[in-house]
Amino acid sequence: MKTNLVEELRWRGMIHDMMPGTEEQLSKEMTTAYVGIDPTADSLHIGHLVSIMLLKHLQMAGHRPLAVVGGATGMIGDPSFKAQERKLLTVEEVQHNVDCIKRQLSKFLDFDCPKNGAQVLNNYDWMKDYLFLDFIRDVGKHITVNYMMTKDSVKKRMETGISFTEFSYQLLQGYDFLTLYRTHGCKLQMGGSDQWGNITTGTELIRRMEGGEAFALTCPLITKADGTKFGKTEGGNVWLDPEKTSPYKFYQFWLNCSDVDSARYIRIFTLLNREEIEDLEKRHAEAPEQRLLQKALAKDITCRVHSEKDYQTAVSASELLFGKGTTEQLNALDRETLLSVFEGVPQYTIARSVIEEGISLVDLAAVQTQMFESKGAIRRELKQNSISLNKVKAGEDRIVTVDDILASGCILVQKGKKNYYLVNVI
């Protein structure tokens with residue numbers, strides 16, 4: 001094996017619980033392991049990245065990773081630590097989500113390695129023709145209601161109520177593990193700590209129905225140091241799909257992490273080795289204002305989820321917002337990224353025909369848009385050399401023309417270092 005998987009996960013803080021014998025199993029032979037992902041949306045979000053990184057480290061250690069997208073279980077919904085029932089999805093909705101998630105997983109796992117190439121499986125394939133009567137005869141008789149009631153995910157729902165549909169979820173997930181044990185020799189299931197009950201139901205089914213031995217490993221649920229939920233912003237989840245969360249906003253999420261959180265996240269979400277991380281931590285402690293941890297974290301994960309080009313664009317965009325940058329960098333931004341960068345700044349609209357005729361910056365700012373209260377106000381700022389147009393200082397007689405319209409269809413006016421005004425040209 002290339003590395004000791006358990007040792008690697010342990011120093012990274014990625015082990016919460018582990019069944020006895022798991023480390024020995026991983027040490028003695030190449031082991032097939034899986035993580036389950038319920039396709040409740042057509043994109044993964046950063047909360048999924050912990051389990052995906054478990055699979056990544058597993059493969060790097062010489063083992064075989066399986067990602068099971070729950071086309072069947074996703075139609076039911078996992079009750080684990082949910083306060084109420086989730087909306088049930090149609091077959092068509094689930095299949096669309098499955099297809100999208102498969103494409104995203106290919107960015108993290110090697111599917112072409114002949115020895116331990118990753119596979120994406122859909123549990124709908126082995127559940128769609130399984131009759132209910134056959135399932136409860138074949139599988140249900142091996143797990144008692146008493147056993148199922150002891151699971152925390154069920155106990156926490158007893159006061160508010162839990163449907164039989166969600167109550168049966170752990171049997172279905174357990175059957176997934178049993179099926180993979182039979183068809184792929186899978187002996188290990190990994191996931192978040194909230195999945196411990198579901199995973200151990202699978203190991204119990206394998207023991208009772210096959211007389212076999214299987215194992216479980218869970219990682220801690222990721223939280224933020226201030227107690228707020230990881231992966232959530234004012235706009236909701238931080239998605240891997242650039243259409244749902246732009247690469248710029250994705251980069252900014254990691255860049256804005258606290259020092260405490262960054263020290264944890266850089267171990268969990270990057271592939272930097274121990275020496276590299278400890279060196280970063282040392283240099284960060286010497287000059288925390290440089291935010292070296294945050295920058296390294298944001299770079300590594302933005303490049304892997306999106307691309308090197310998206311990362312460079314995000315860095316340039318950040319420089320533009322905080323007073324640096326050039327007209328060339330500004331002009332390189334597409335409209336979506338530019339609007340993400342300057343989200344919340346005052347915006348105005350002007351007809352392209354007005355620009356085509358040429359208009360003084362004074363008239364643009366004080367008459368056509370009213371971004372300044374009067375011509376006198378903008379003239380005073382111009383005399384003080386505090387006005388920039390598209391990141392270039394503007395003189396008192398500056399004329400705005402179509403050449404000033406950026407590729408995004410906007411014109412950026414800036415007063416001082418922090419006051420921005422965005423003009424949309426239509």
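Let's start with valine 413: its bridge partner in strand 15 is tyrosine 421. Strands here are DSSP runs of E, at least two residues long, and helices are runs of H or I, at least four residues long, both numbered from the N terminus. Strand 14, residues 410-415, and strand 15, residues 419-425, run antiparallel and are joined by six bridges. Two strands count as paired if DSSP finds at least two bridges between them.

A word on the source: this is a predicted model, where local features need pLDDT of at least 70, side-chain atom pairs count only at pLDDT 80 or more, and totals for chains, interfaces and linings use all residues. Residues are numbered from 1 along each chain as its sequence is written, and side-chain values use heavy atoms, with hydrogens and water left out.

Back to our strands. They belong to an open sheet of five, ordered 9-15-14-11-12, with mixed pairing. At its edges sit strand 9 (347-350) and strand 12 (392-393), each pairing on one side only.

Now, the other sheet I'd like to show you. This open sheet has six strands in the order 1-6-5-2-3-4, again with mixed pairing. Its edge strands are strand 1 (17-18) and strand 4 (119-122), each paired on one side only. Inside it, strand 2 (residues 32-37) pairs parallel with strand 5 (residues 186-192) over four bridges, and threonine 32 has cysteine 186 in strand 5 as its bridge partner.

What packs on this sheet, touching strand 1, strand 5 and strand 6? That is helix 11, residues 196-210, whose direction makes about 170° with that of strand 6. Touching means contact, heavy atoms within 4.5 Å, and the angles run from 0 to 180 degrees between N-to-C directions of axes fitted to C-alpha atoms, for helices over the stretch in contact.
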